[in-house]
Structures are given as C-alpha cells and as structure tokens.
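Here is a short report on helix packing, nonpolar cores and two single residues. Keep the structure open while reading.

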Amino acid sequence: MPDAAQDLSRWIPRLLAAWRAARRPPAPSRHERSRGGPLGRFGARPGPPPRGPGELLAPDELREVGAAVARLSRGLTRERELAGARYMDEEKLLGAYLLFYWPISYLQARGTLSELPRRPRSVLDLGSGPGPIAFAALDAGAAEVVAADRSARALATARALAADAGEPLATREWNPTRGKPLAELAAGRRFDLVTVGHVLNELFAGPDADSRRAALLAEAAGLLAPGGSLLVVEPALRDTSRALLRVRDLLVARGFAVRAPCLYRGGCPALLRETDWCHAERAIEPPPLVAQLGRAAGLRKEAVKMSYLVLAPPGEAWPEPPPGRVFRIVSEPLPSKGRLRYMGCGPEGRLGLSLQEKHVSDANRRFESLLRGDVVEVTGAEPRGDGLALGEGSTVRVVAEAGSPARGEHAP
C-alpha cells in the first residue's frame with residue numbers, strides 16, 4: 001500500500017502534536033480556575049505543543065505510551081475486559097490508540113476501501129473514535145465524511161485533527177446501546193459508504209449478540225444510496241472473525257450480497273470447523289513511531305491483519321466472480337515435506353490447494369509466491385484428499401492481487 005503509507009506519513013506529525021498538546025495543557029486562566037481547573041485535554045484548547053523529538057517519542061513519553069498500548073492490547077485481545085468499555089474516554093488509553101492503533105486502522109481502511117466497486121463521495125463512519133477510517137476515506141477521495149461516536153473526547157480529537165489538516169469532517173454523537181434510530185443521526189441523508197470499524201465485536205454481548213449485530217448492520221445499510229456499500233472491519237482474532245462470519249450468514253440469508261472478500265455465495269464454509277476462521281493480511285513497513293511503540297509494548301506490526309466485509313444492500317446482485325476456476329487464498333503458505341499448500345475459497349467452497357516441488361513448472365511457479373488475499377485461477381488440478389492437487393501441467397494465474405477488486409465482466 002505505497003500510496004496509503006505515504007499519506008499516513010503526513011498524519012504522524014499531527015497525531016504526535018495532538019497527543020503532546022493534550023498531555024501538557026497550558027496553565028489555567030482565572031476563569032478556568034474559578035470553574036474548577038484547566039481545559040486543555042484532547043480537543044479542548046490545548047495550546048501550542050512542546051518541542052519534541054521529531055516523529056519519535058522521548059524516553060519518558062515512550063514509557064508512558066508503551067505501557068498504555070500494552071494495557072490496551074491485553075484488554076482487547078486476551079481477557080477482553082476493555083471490549084465494550086469506554087476506554088476512549090480515558091486519556092492515556094486514547095493517547096495510546098492515537099499513536100499506535102490509529103495508524104494501523106488507517107492502513108486497514110485504505111486497504112479495504114480499495115476493494116469498493118466505486119469511489120465514495122459521501123461517507124458515514126459509525127464508531128469512528130478519533131477518526132482513522134474517516135480520514136482514510138477522505139484521503140481516498142471522499143468529499144464529505146461524518147464521524148459518529150459515543151466518546152466526546154475522541155470526537156474532539158478528530159475535530160482537532162481535521163482542523164489541523166484542513167479536512168471537511170463533521171462529527172455526531174452516536175451511542176449504539178441507547179437504541180436511537182440511525183435515521184435520526186443521518187437526518188434524512190443517504191451515503192455512498194457506511195463504515196463500521198472495530199465496533200461490532202464490542203457490542204451486544206450475550207446469546208443474541210449475532211442477531212442484534214446483524215440488525216444494526218441492516219439498519220446501517222438502510223442509509224446507503226443506490227449502489228452504496230457497507231464496510232465492516234473487525235479484529236483478526238479467531239473469535240471475533242468467526243463472529244463476523246456468523247453475522248455475514250445472517251445478512252446473506254436476508255438478501256444481502258457480499259462484494260468482498262467472498263467468492264462463495266452460501267453459508268461461510270470457514271464456519272464448518274471450529275478451528276477455521278478467515279482474515280486478511282497486508283504486509284507493511286510500519287511508521288517509525290508505530291515500530292518504536294511496538295517494541296516498547298512487545299507487539300510486532302509487520303503486517304496489518306483484519307477481518308472485513310464489503311456488503312451491498314438487499315436487492316443488489318452479487319458481483320460475478322472472475323471466469324475460470326478461481327479461489328481467494330485464505331491462509332498463509334503451509335509448507336510440508338516436498339510440497340506447498342494453501343487454503344483457497346471460491347465459488348465451489350473452501351478447499352486445500354497443493355503443489356509438490358517435483359511438479360513445479362514455468363506455468364505454475366507463481367503458486368510459490370502467493371499471498372493471503374490473492375485471487376487466483378488454476379487449471380489442471382485434480383481432487384486429492386480435502387482439496388485439489390496441482391500437477392506439472394497445471395497453470396496458476398493471479399487475477400487480482402490482495403486488496404484489489406475481484407470481479408467478472410458483468411460486475412456492477
């Protein structure tokens with residue numbers, strides 16, 4: 001994602017400046033003292049930021065943010081005690097998100113936005129936090145974006161970033177647990193794109209979570225203009241990914257079409273076995289700030305991983321898959337003695353694809369360098385075990401690289 005990485009590099013100084021300014025507020029005025037203390041936290045007249053060490057953190061800053069990043073990571077991936085909590089309202093956790101997870105979410109969004117059938121002009125970002133997906137949409141060509149979240153502090157930070165960058169970002173308060181209709185939030189507007197990024201897995205815990213999450217996405221899809229898309233991005237954890245796939249199946253049963261990444265139109269075959277799940281992965285060169293924080297927190301970010309869906313509203317047709325026998329690669333390479341194997345998912349389902357070293361030829365050599373997310377056409381494969389075996393006479397052709405649309409001739 002070279003263009004996205006270049007665009008992100010312009011945001012890093014703004015993220016640092018916003019965090020540093022909020023971390024060291026100016027002395028309170030007489031009026032502020034009379035009201036019980038200073039303003040100057042995220043988005044609240046922080047004053048000029050102190051001079052810092054470029055795009056890296058000083059040692060005291062690194063200790064503070066690194067500890068908060070580690071806490072945020074543990075709280076959202078292990079016991080998940082922070083999932084659904086109002087962690088964006090806690091200054092240190094919001095700062096950790098801003099400096100570490102904001103850039104990652106931005107790159108995730110840019111990668112998935114590239115798979116839309118058309119460039120959106122108007123966007124509603126639900127559960128926006130401080131706006132990484134919103135700003136990714138603006139950088140990808142959107143003309144107007146509305147960011148909606150329940151955290152006033154996160155929205156204030158998004159507004160501060162927008163003001164610094166001169167971006168046309170509007171913000172709205174939105175709390176999905178209060179049951180306020182989304183139509184009121186939209187005020188009668190229709191959008192080319194509605195995004196729900198890293199939100200769904202934190203909502204509606206309990207036995208009816210899948211149905212309530214599906215209902216929320218169906219309501220969100222009601223805000224789409226004709227031809228619009230609903231983009232859902234979730235963590236690449238096994239449980240959160242499988243939960244998204246269950247919601248996918250509920251929506252498909254209600255007439256929704258999946259524009260990406262699915263080539264299979266029925267119930268998701270990754271749900272047939274408890275050990276399977278499906279996620280995307282894009283290799284990145286992390287910004288120096290993210291790499292520095294990752295080392296401090298014991299986290300490596302050499303790739304962005306996420307589970308995602310691009311959905312069309314009910315009544316719109318599924319995109320036609322590319323012609324031929326095609327599969328999207330949904331695993332990392334699985335080498336074993338004398339052969340290489342991947343899992344592929346295509347119109348005929350989820351199958352293993354394997355090629356023995358002795359059968360590698362010029363026509364199928366591309367098999368050796370496939371990436372998770374690539375869409376490939378194979379010929380000359382024969383049924384073998386739980387999948388297909390390629391032979392010396394087989395061909396392998398990449399018809400869409402990871403992050404690119406995979407459509408047939410009659411796709412919308």
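K180 is exposed, because its relative accessible area is 53% and the cut-off for exposed is over 50%. The model is a predicted one. K180 sits in the loop that links β3 (169-173) and α7 (182-186). A209 is 29 residues away from K180 along the chain, and the C-alpha atoms of the two are separated by 18 Å.

**A buried serine**

S354 belongs to strand β12 (residues 349-356). Is S354 buried or exposed? S354 counts as buried, because its relative accessibility is 9% and buried means under 20%. L340 lies 14 residues from S354 along the chain, with 5.6 Å between their C-alpha atoms. Leaving out residues up to four places away in sequence, S354 touches R339, L340 and R341. S354 also touches F367, L388, A389 and L390.

**Nonpolar cores**

In soluble globular proteins, nonpolar side chains tend to be buried together. The largest nonpolar core here has 62 residues. Which of its members touch the most other members? They are L72, L99 and W102. Helix α4 (residues 91-113) supplies the largest share of this core, 14 residues. Take W102, with residues up to four places away in sequence not counted. W102 touches L8, W11, L15, Y97 and L161. It also touches P130, G131, P132 and F135. Another core, of 37 residues, lies apart from the largest one. Its members include W174, L224, F256 and L311.

**Helix pairs**

Two packed helices are described by the angle between their axes and the distance between the axes. Three pairs are listed here.

| Pair | Axis distance | Angle | Crossing |
|---|---|---|---|
| α4 and α5 | 8 Å | about 45° | right-handed |
| α4 and α10 | within 9 Å | roughly 125° | left-handed |
| α8 and α9 | within 9 Å | roughly 60° | right-handed |

Start with α4 and helix α5 (residues 132-139), which pack at an angle of about 45°. That angle makes α4 oblique to α5. On the α4 side, the contact uses Y97, W102, S105, Y106, A109, R110 and L113. On the α5 side, it uses P132, I133, F135, A136, A137 and D139. By class, the residues of this contact are ten nonpolar, one polar and two charged.

Next come α4 and helix α10 (residues 288-297), whose axes cross at roughly 125°. This makes α4 oblique to α10. The contact joins L99, F100, P103 and I104 of α4 to L289, V290, L293 and G294 of α10. How many charged residues does the contact of α4 with α10 have? It has no charged residues, with seven nonpolar and one polar.

Last are helix α8 (residues 209-221) and helix α9 (residues 238-253), whose axes cross at roughly 60°. α8 is therefore oblique to α9. From α8, the contact takes D210, S211, R213, A214, L217 and A218. From α9, it takes A243, R246, V247, L250 and L251. The contact of α8 with α9 has seven nonpolar, one polar and three charged residues.

**Back to α4**

Two residues tie the topics together. W102 is among the residues that touch the most other members of the largest core, and W102 also takes part in the contact of α4 with α5. L99 is likewise among those core residues, and L99 takes part in the contact of α4 with α10.

Note on methods
Residues are numbered from 1 along each chain as its sequence is written. This is a predicted model: local features need pLDDT of at least 70, side-chain atom pairs count only at pLDDT 80 or more; totals for chains, interfaces and linings use all residues. Side-chain values use heavy atoms; hydrogens and water are left out. Axes are lines fitted to C-alpha atoms, for helices over the stretch in contact, and angles run from 0 to 180 degrees between N-to-C directions. Helices (H or I, at least four residues) and strands (E, at least two) are DSSP runs, numbered from the N terminus. Angles under 35 degrees count as roughly parallel, over 145 as roughly antiparallel, 65 to 115 as roughly perpendicular and the rest as oblique. A crossing is left-handed if the near helix is turned anticlockwise from the far one by less than a right angle, and right-handed if clockwise. Contact means heavy atoms within 4.5 Å. Ala, Val, Leu, Ile, Met, Phe, Trp, Tyr, Cys and Pro count as nonpolar, Asp, Glu, Lys and Arg as charged, and the others, Gly among them, as polar. A nonpolar core is a set of buried Ala, Val, Leu, Ile, Met, Phe, Trp, Tyr and Cys residues joined through side-chain atoms within 4.5 Å. Buried means under 20% relative accessible area, exposed over 50%, partly exposed in between (1.4 Å probe, protein chains only).
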